[in-house]
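Student: Please take me through this model, and show me how each label is earned.
Tutor: Look at the picture before we start.

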Amino acid sequence: PDSSSVHDTFATSTHPDFPAMKFKVNVTTKTEEVQKSKTDRAAKMKGKAKEYLGRHRIEENLSEAVKALLKEQPTDPLEFICKYLGGKKDAGPGKSLAPVTSSKVGSKPMKAK
């Protein structure tokens, strides 16, 4: 084993015929088992996170918001994204949303080439 420890454990009984007892408990763990357990837990959590993000279309909505942000280039990007995503919430699932325009959120002028 890669790790081991000994613990004293006490047990008492409420029955008068049985005295209290003391146990020595030896615990051993192999590093590879601990690592596998951590890896399994991480994979399970990652799977749950991906399922949640997919179910709520988080990545799609954020991607659309960033694309609109780059197109509009407003002076306050966080406000733009909040309004954009807030509009998606108001539109409801599966409904199209008119993009937030520069009149709703200040945008910086595009430079002429």
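Tutor: A helix here is a DSSP run of H or I with at least four residues, and helices are numbered from the N terminus. Arg57 lies just after the helix numbered H1 and takes a positive phi of about 55 degrees. The model is predicted.

Student: How many helices and strands are there, and in what pattern?
Tutor: The protein has two strands and three helices. Along the sequence they follow β-β-α-α-α.

Student: How do you know that the span of helix H1 agrees with what is expected?
Tutor: Helix H1 covers residues 31-55, which is 25 residues. The expected span is 1.5 Å times one less than the number of residues, so helix H1 should span 36 Å. Its end C-alpha atoms lie 36 Å apart, and therefore the two values agree.

Student: Why is Asn61 called buried?
Tutor: Buried means under 20% relative accessible area. Asn61 has 15% relative accessibility, so Asn61 counts as buried. Asn61 sits in helix H2, residues 58-72. Leaving out residues up to four places away in sequence, Asn61 touches His56, Tyr84, Leu85 and Lys88.

Student: What makes Phe80 and Tyr84 a stacked aromatic pair?
Tutor: Two numbers are needed: a pair of aromatic rings is described by the distance of the centres and the angle of the planes. Rings pair if their centres lie within 6.5 Å, and planes under 30 degrees apart count as stacked. For Phe80 and Tyr84 the centres are 6.3 Å apart and the planes 25 degrees, which earns the pair the word stacked. The structure holds one aromatic pair.

Student: Where in the helix do Phe80 and Tyr84 stand, and are they buried or exposed?
Tutor: They are four residues apart in helix H3, residues 77-91, so about one helical turn separates them. Both Phe80 and Tyr84 are buried.

Student: Why is Val27 called partly exposed?
Tutor: Partly exposed lies between the limits for buried, under 20%, and exposed, over 50%. Val27 has 36% relative accessibility, so Val27 falls in between. Val27 belongs to strand S2, residues 21-29.

Student: Which residues make a nonpolar surface patch with Val27?
Tutor: Met21, Phe23 and Val25 join Val27 in a patch of about 320 Å². A residue in a patch needs over 30% relative accessible area, and the 36% of Val27 meets that.

Student: What share of the protein counts as buried?
Tutor: Of its 113 residues, 12% do. The accessible surface comes to about 9,600 Å², with 58% of that belonging to carbon and sulfur atoms.

Notes
Residues numbered from 1 in each chain as written. Predicted model: local features only at pLDDT ≥ 70, side-chain atom pairs only at ≥ 80, totals over all residues. Heavy atoms only, no water. Buried < 20%, exposed > 50% of the residue type's maximum accessible area, 1.4 Å probe, protein only. Areas by Shrake-Rupley, 256 points an atom, 1.4 Å probe, with all protein chains shown as cover. Phe/Tyr/Trp six-rings, centres within 6.5 Å; stacked < 30°, edge-to-face > 60°. Contact = heavy atoms within 4.5 Å. Patch = residues over 30% accessible without salt bridge, like charges linked within 9 Å, V, L, I, M, F, W, Y side chains within 5 Å. Salt bridge = Lys/Arg side-chain N within 4 Å of Asp/Glu carboxyl O.
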